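Open the model in your viewer and keep the selection panel handy. We will go from stop to stop, and at each one you will hear what to select and what is there.

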Amino acid sequence: MKYKQRKKALILLEDGTIFYGKSIGKDGTAFGEVCFNTGTTGYQEIFTDPSYYGQLMVTTNAHIGNYGTKEDEMESEDVKIAGLICKNFSFEYSRPAGDSSLEDFFEKYNTLAIADVDTRALVSYIRDNGAMNAVISTEVDDIDNLKKQLAEQPDMKGLELASKVSTKEPYYFGDENATYKIAALDIGIKKNILRNLAKRDAYIKVFPYNSKFEDLEAFNPDGYFLSNGPGDPEPLVEAQAVAKEIIARNKPLFGICLGHQVIALANGISTYKMHNGHRGINHPVKNLITGKGEITSQNHGFAINREETEANENVEITHVHLNDDTVAGIKIKNKNCFSVQYHPEASPGPNDSVYLFDQFIENIKNNILRNLAKRDAYIKVFPYNSKFEDLEAFNPDGYFLSNGPGDPEPLVEAQAVAKEIIARNKPLFGICLGHQVIALANGISTYKMHNGHRGINHPVKNLITGKGEITSQNHGFAINREETEANDNVEITHVHLNDNTVAGIKIKDKNCFSVQYHPEASPGPNDSVYLFDQFIENIKNN
């Protein structure tokens, strides 16, 4: 390796303290809040994490750059830190899977970095005196000018930074044919969060930081997500308004890091700037619900007020940080909302908390079940390929076929179950995909629609009552109307007023009915929620 002559560089803290090092290549000056991360791996994910926007990152690990960088380990489109401060910088890397050296990576993204710094002394100083503004520079002979410029830098307290990292336009992530739709408010979202949602059968639409609830609602999502991000949460009044509206409507909501703080503010709990913050991949957290400990990845300089949280009758603390007893997680009582202060997507970091994504998806699934449960029903949920005998062994008063994704035709087990329930004249109710399965069980074919129906303002006419209903719909298949009209055993009960497709049927002389839309109204209007009452009445009358 060719010897490189490197320029002298410095770190100037706002209190006047100076530490010296050497530039790794690029000359210049960078300002930001100086903070430190204790992680031993995952430096590329840290450098590209939007939550670190505007911060000068001190890495406590002795070697940085030794395994290079890799394109698919980016957490955003570019480097988000203001600059790097490290002890030993590796100009060469040894990982076969690596795409480039960290030096080339920083050069590509025009990032200033200095090495050969006594990082132990620097971190010790920050721990004692707190995170503060600083400047790193190769202009070591112009300290007075650097001090003047540093004094003009805004303090992190009160600083709104979400607008600096949020998407400018909405975009989609995942498979559009996925079972669940999630609206994510981007106040600094990481790619691995989107990956974790997508691999749980979710299709995500990501919205800019200043979007209104109506913007997100128009996507007709099954759940809502508030992301991580940089800066002070207090100035994010639009995001707080969105959180309030979602919670008021009792829609499934999950918040991480900055999103967690926004949810707290939306519930009247204040936030404060921490002395140092939590940044690392080995932070111990206790789950107060399960009693288990979790090793977590954390990256935040603000926290929510614990006393106010404990005094809030609507909020329950679910997780605490074991080092300093700060609040690490909350849930809103009697609402479909929870949040954590740390990063369960584990990029970088341990996987102890990845279950939280499963918990979010379960909350979405259970939204339909809640409509049944609040009508004094106890529900046992069975796998898609269960036999009628499996369901019958529960000795139920009624049967329900749920919504779902894809083509209903291959679901032969579900069709067999529907046939058996109808043959025995047991109470049966089907929604969306379940409606299509019931039609197939009665010899009516289905077809793939040109565009499908997806939205929360679809007009349907109830042919029994003659009334119109505004409905929530989400399907790409429909049942054949001509075959339905020709079937002596089936009566059409609802039609879609835009295209005259079949929106509801009942089986004549049987205790079975179904609709093509979503009466659980999550999201959407409540015009059709009476169908759950109708199902319960059918059970009572049995």
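The tour below starts with the whole chain and then visits strands, helices and single residues.

**Stop 1: the whole chain**

Show the full C-alpha trace first, and keep in mind that this is a predicted model. Along its principal axes the trace spans about 90 × 50 × 40 Å. Colour by secondary structure and you have 16 helices and 26 strands to look at. The chain has 542 residues, and 56% of them count as buried. If you draw the contacts between residues at least 6 apart in sequence, 71% of these join residues at least 24 apart.

**Stop 2: a hairpin close to the start of the numbering**

Select residues 8–13 for strand S1 and 18–23 for strand S2; the two run antiparallel and are joined by 5 bridges. Together S1 and S2 make a hairpin with 4 residues between them. Which residue in the turn has a positive phi? Click on Gly16, where phi is about 95°. For one pair across the hairpin, pick Leu12, whose bridge partner in S2 is Ile18.

Now add residues 112–115, which are strand S8: S2 pairs with S8 as well, in the antiparallel sense, over 2 bridges. Here Ser23 stands opposite Ile114 of S8.

**Stop 3: the loop after S8**

Step along to Asp116, in the loop between S8 and helix H3 (119–129). Its backbone is worth a look, as phi of Asp116 is near 60°, a positive value in a residue that is not glycine. Is Asp116 buried, partly exposed or exposed? Its relative accessibility is 33%, so Asp116 counts as partly exposed.

**Stop 4: Ile189 and its surroundings**

Next, centre the view on Ile189, in the loop between strand S11 (180–185) and helix H6 (191–198). Because its relative accessibility is 6%, Ile189 counts as buried. Which residues is Ile189 in contact with, leaving aside its neighbours within four places in sequence? Select Pro50, Glu75, Tyr171, Ala184, Leu194, Phe225, Ser227 and Asn228 to show them. If you like to have a distance on screen, add Ala162: its C-alpha atom is 9.6 Å from that of Ile189, with their positions 27 residues apart along the chain.

**Stop 5: two helices crossing**

Select residues 237–248 (helix H8) and 258–266 (helix H9), which pack with their axes 8 Å apart at an angle of about 70°. That angle makes H8 roughly perpendicular to H9. The crossing of H8 past H9 is right-handed. To see what fills the contact, show side chains for Ala239, Gln240, Ala243, Lys244 and Ile247 on H8, and for Val262, Ile263, Leu265 and Ala266 on H9. Sorted by class, this contact of H8 with H9 holds 7 nonpolar, 1 polar and 1 charged residues.

**Stop 6: a seven-stranded sheet**

Move on to an open sheet of 7 strands with mixed pairing, ordered S20-S21-S26-S25-S24-S22-S23. Its edges are strand S20 (399–401) and strand S23 (468–479), each of which pairs on one side only. Direction ignored, neighbouring strands of this sheet are turned by 25° against each other on average.

Zoom in on the S20 end. S20 and S21 run parallel and are joined by 3 bridges, with Tyr399 standing opposite Leu428 in S21. Now look at S21 from either side: both of its faces are covered. Leu428 and Gly430 on one side are buried, and so are Phe429 and Ile431 on the other.

For an antiparallel pair in this sheet, select residues 446–462 (strand S22) and 490–496 (strand S24), which pair over 3 bridges. One residue to label is Val460, whose bridge partner in S24 is His496.

**Stop 7: the helix across the sheet**

Finish by adding residues 412–423, helix H13. H13 lies across S20, strand S21 (428–431), strand S25 (502–507) and strand S26 (512–515), and runs at about 145° to S21. In the loop between H13 and S21, click on Asn425. Asn425 has a positive phi of about 55° although it is not a glycine. With a relative accessibility of 31%, Asn425 counts as partly exposed.

Key. Residues are numbered from 1 along each chain as its sequence is written. This is a predicted model: local features need pLDDT of at least 70, side-chain atom pairs count only at pLDDT 80 or more; totals for chains, interfaces and linings use all residues. Side-chain values use heavy atoms; hydrogens and water are left out. Two strands pair if DSSP finds at least two bridges between them. Axes are lines fitted to C-alpha atoms, for helices over the stretch in contact, and angles run from 0 to 180 degrees between N-to-C directions. Contact means heavy atoms within 4.5 Å. Angles under 35 degrees count as roughly parallel, over 145 as roughly antiparallel, 65 to 115 as roughly perpendicular and the rest as oblique. A crossing is left-handed if the near helix is turned anticlockwise from the far one by less than a right angle, and right-handed if clockwise. Ala, Val, Leu, Ile, Met, Phe, Trp, Tyr, Cys and Pro count as nonpolar, Asp, Glu, Lys and Arg as charged, and the others, Gly among them, as polar. Buried means under 20% relative accessible area, exposed over 50%, partly exposed in between (1.4 Å probe, protein chains only).
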